[in-house]
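Work through the exercises below with the model open. Each task is followed by a stepwise solution.

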Amino acid sequence: MPVPLLDLKRQYQPMREEILEVIDRVCDSQYFILGPEVQAFEEESAAAIDVAHAVGVSSGTDALLIALMALEVGAGDEVVVPTFTFFATAGVVSRLGARPVFVDIDPVDYCMDPKGLAAAIGPRTKAVIPVHLFGQAADMDAIARIAGEIPVVEDCAQSWGADYNGTMTGGLGAMGAFSFFPSKNLGGFGDGGLVTTKSPERADQLRELRMHGQSGPYLHPTVGGNFRLHALQAAILRVKLPRAQGWVDGRRSNAHRYLGLFEEAGLTDVLGLPAAVDGRGHTYNQYVVRAPRRDDLLAHLRAQGVGCAVYYPLPLHLQPCFSELGYGEGDLPIAEQASREVLALPVFPELTVDEQREVVAAVSDFYRSG
Ligand SMILES: Cc1ncc(COP(=O)(O)O)c(C=O)c1O
């Protein structure tokens, strides 16, 4: 039986009627740019994250970009980012003419290593972007302590629903940047994003920046861009938002079940299962194991019809586009090792017990026969 890495059709089917109704509602209104759906979604998502302000934007990438624009990051500035993350975390820094400064990760949570952050901060550091990777918060107390006055922008693209000692991610730093890419714990029907902040002035500034820096009709005190969340996406996300916690619970119970199944199969000494660090509510946006002979296992699982993927095969400090920054192999070894060992297995909420057994059997089969 093939097991997909993710099957969004299973999530869609029970909401189909409701979603088609809201699409119809937006179409009838012919109100597509910002407006009541976006405003309502911003209020509802701010309440869910327990932050004062949420500003809907066009993608998670644009959420990060606009957050850095609000901090006036530009040429000559440095922004500290983990090297083991999706490209956008560092790409936005370069796009603003600033320099990404890469730091290594903690081998247990895969997030920014606070010791690396301490060494990377310098006189030009304008911001720090920890990433709550795979759906688990970074070590935010240590990061905040080390960053001091330097603003911390949380990359929450993978961490909808995750908390850190009871505070939701997105409410811990100066701003939080969320993605509604379809595969996220809360995903839209296309691109979308959100920036969160406690500050009303910052929220106003972000709203201006997403509208070409416009403070009033055709008046532009600053240069912004078109970073607006689409009304159709907002309306669809409003249907999904109340269900998001249930999906997170589903992922958690699947992760728990994997633990039992991998124990039964005698594989817990072979694989490095994801660690749920105390006080950080892992949401398993990805269920990532460390696997000996990872590439062979990947090929075996794919041949058996088991969906799996590598997040991420090449750390950002080794990406060709950053070659002029002068990093080389061996500079950030924990991330480099992770990039050789990690493998994401199916964990989506609608995954069945039989499918999980199938995944574990296929993994077990690989290590027994090899
Ligand atoms: C850690 C991280 N940051 C940023 C992004 C960018 O989000 P988007 O694809 O919505 O632009 C993603 C999305 O994959 C991500 O995983």
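A cavity here is a set of grid points where a 1.4 Å probe fits but cannot get out. The model is predicted.

**Exercise 1. Find the enclosed spaces.**
Task: How many cavities of 30 Å³ or more does the structure hold?

Solution.
- Step 1. Count them: the structure holds 2 cavities of 30 Å³ or more.
- Step 2. Take the largest cavity, with about 90 Å³ of space. Its lining has 16 residues, and Leu6, Leu8, Gln11, Arg251 and Pro349 lie nearest its centre.
- Step 3. Assign elements. α1 (8–12) and α10 (244–264) each give two or more residues to the lining of the largest cavity.
- Step 4. Sort that lining by class: 7 nonpolar, 4 polar and 5 charged residues.
- Step 5. Turn to the second largest cavity, which has about 60 Å³ of space. Among the residues that line it are Val108, Asp109, Tyr110, His282 and Gln286. The classes there are 7 nonpolar, 3 polar and 1 charged.

**Exercise 2. Describe the largest pocket.**
Task: Which residues lie closest to the centre of the largest pocket?

Solution.
- Step 1. Start from the volume, about 530 Å³ for the largest pocket.
- Step 2. Inspect the 30 lining residues: Gln158, Phe181, Ser183, Lys184 and Gln286 are closest to the centre.
- Step 3. Trace the elements. At least two lining residues come from each of α4, α5 and β11 (342–345). α4 gives the most, with 3 residues.
- Step 4. Classify the lining of the largest pocket: 16 residues are nonpolar, 10 polar and 4 charged.
- Step 5. Identify the occupant. The ligand takes up the space of the largest pocket.

**Exercise 3. Map the ligand shell.**
Task: Which side chains place a polar atom 2.8 Å from an oxygen atom of the ligand, and what other polar pairs are there?

Solution.
- Step 1. List the neighbours. The ligand has 15 residues around it, and Gly60, Thr61, Asp155, Ser179 and Lys184 come nearest.
- Step 2. Check oxygen atoms of the ligand. Lys184 has a polar side-chain atom 2.8 Å from one. For Ser179, the distance from a polar side-chain atom to a ligand oxygen is 2.7 Å.
- Step 3. Check nitrogen. An N or O atom in the Asp155 side chain is 2.8 Å from a ligand nitrogen.
- Step 4. Assess cover. Alone, the ligand has 390 Å² of accessible area, and the protein covers 93% of it.
- Step 5. Assign elements. α4 (60–70) and α5 (88–95) give two or more residues each to the shell. α4 gives the most, with 3.
- Step 6. Sort the shell by class: 6 nonpolar, 7 polar and 2 charged.

Definitions and conventions. Residues numbered from 1 in each chain as written. Predicted model: local features only at pLDDT ≥ 70, side-chain atom pairs only at ≥ 80, totals over all residues. Heavy atoms only, no water. Near = heavy atom within 4 Å. Polar contact = N/O pair within 3.5 Å; in protein donor to acceptor, adjacent residues only side chain to side chain. Areas by Shrake-Rupley, 256 points an atom, 1.4 Å probe, with all protein chains shown as cover. 1 Å grid on protein atoms, 1.4 Å probe; cavity = no way out; pocket = protein on both sides within 12 Å on 5 of 7 lines; lining within 4 Å. Sits in = over half its atoms within 2 Å of the grid points. Helix = DSSP H or I, 4+ residues; strand = E, 2+ residues; numbered from the N terminus. Nonpolar A, V, L, I, M, F, W, Y, C, P; charged D, E, K, R; others polar. Points joined across faces, edges and corners; volume = space filled by probe spheres on them.
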